[in-house]
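Trainee: Please take a close look at a single part of this model, the salt bridges.

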Amino acid sequence: MGDRGTSNYSEATDFILAGFRVRPELHILLFLLFLLIYTMILLGNVGMMVIIMTDPRLNTPMYFFLGNLSFIDLFYSSVIAPKAMSNFWSESKSISFAGCISQFFLFALFIVTEGFLLAVMAYDRFIAICNPLLYSVQMSTHLCVQLVAGSYFFGCISSVLQTSMTFTLSFCASRTIDHFYCDDRPLQKISCSNLYIHKLISFFLCSIIILPTIIIIIVSYIYIVSTVLKIRSTEGRKKAFSTCTSHLGVVSVLYGAVFFMYLTPDTFPELSKVASLCYTLVTPMLNPLIYSLRNKDVKEALRKSLEKRYLNSIFTVM
C-alpha cells in the first residue's frame, strides 16, 4: 500500500480512533466512567423492556413505543460503548474499515429511528389527550406496528444514504479519526475529496429528518397544551400533563445534545466529543430513569415486580 498516511482509503484496511486527548493516567478514570454509564444503560433499558413485556397493565400503545425506545437506546449505545472502552486499553486504537462502516451504519440507523419514534410518541400523546374517546380505535395495534416499522424504515433508508455517501469519499489526509467512534464530521476532516456535494446532501438529509419530527412534536404539544388548559379541575390538568412530562424530558435531552454537538465549531473538537458522549451514552442512560421516576404506572409495575421476586425468594428458601 505504500505510505499508509497518504494512501487512498478506498483501499484502506483500518482507521485509528483518537478518542479523548487526555493524559494517559486519566484513561482508567474515563474507562470506569464509560463502564458505569454503559452498565446503567444495560440495567435500565433491559429492565424497562422486561417490565413492559411482563406486566399486562402496560399493554398499551404508549408502553409499546416506550419498549421500542428502550430497545433502540440499548442497541445504539452498544454500537459505541464497547469499542470506546476497549480503546482505553489499546495502544493501536484501531478499527477496521468494515468495522467503521458497520458502526457508522448502525448508529445512524438507530439514532434516526429514535428521532422518528419520539415524533410518533408525541402523536400518541396528542391522540390520548385531545381525542381520548377515540384513542383505542385510532391507535390500534396494527397502526402502532406500522408507525414503529415506518420509523425503522426511514432510519434504514437514511443510514444507507449517509453511509454510502460517506464511505465513497477518499481518505488520504490521515487515517486518524479525531473522535471515539466513526462519525461523519471527523471523517470529513480526513477526506481529500471535494466535500461540497457531500455537505449539501448531508444538510438535505438532516433537514428532512429533523424538521418534520420537530414539527410533529411541536404541533402535537401545541394542541395538547390547548386541550389541557380547557380542563377546569387542577387535578385533571396535572394528570394530563403528567403523561407528557417524561416524553418532553427525553426529547429535550436528545435534541439538546444533538444541537449542541452540531453547533459546536470544528475548532473545539474536544467539546464536540463531550456533546457526542451526551447523546450516544448519557441520553440512553437517562431515558429509562426519566420514565421510571416520572411515570406512576412504571413505578407501580416495578414495585409489584420486586415484591413478587422477594416473595418468591422467601418461599424458595422456606
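Mentor: What follows describes the salt bridges and the residues that form them. This is a predicted model, in which local features need pLDDT of at least 70 and side-chain atom pairs count only at pLDDT 80 or more, while totals for chains, interfaces and linings use all residues. Residues are numbered from 1 along each chain as its sequence is written, and side-chain values use heavy atoms, with hydrogens and water left out.

A salt bridge here is a side-chain nitrogen of Lys or Arg within 4 Å of a carboxyl oxygen of Asp or Glu. By this rule the count is seven. One of the seven joins the side chains of K273 and D178, at 2.8 Å from N to O. This pair connects distant parts of the chain, 95 residues apart: K273 belongs to helix α9 (residues 269-294), and D178 to the loop between β3 (176-177) and α6 (184-189). Helices (H or I, at least four residues) and strands (E, at least two) are DSSP runs, numbered from the N terminus.

K273 also forms a salt bridge with E270, at 2.7 Å from N to O. E270 and K273 are three residues apart in helix α9, so about one helical turn separates them. K273 has a relative accessible area of 0% and is therefore buried, whereas E270, at 28%, is partly exposed. Buried means under 20% relative accessible area, exposed over 50%, and partly exposed in between (1.4 Å probe, protein chains only). Through shared partners, salt bridges join R21, D178, E270 and K273 into one network.

A further salt bridge pairs R23 with E25, whose closest N and O atoms are 3.8 Å apart. Both R23 and E25 are exposed.
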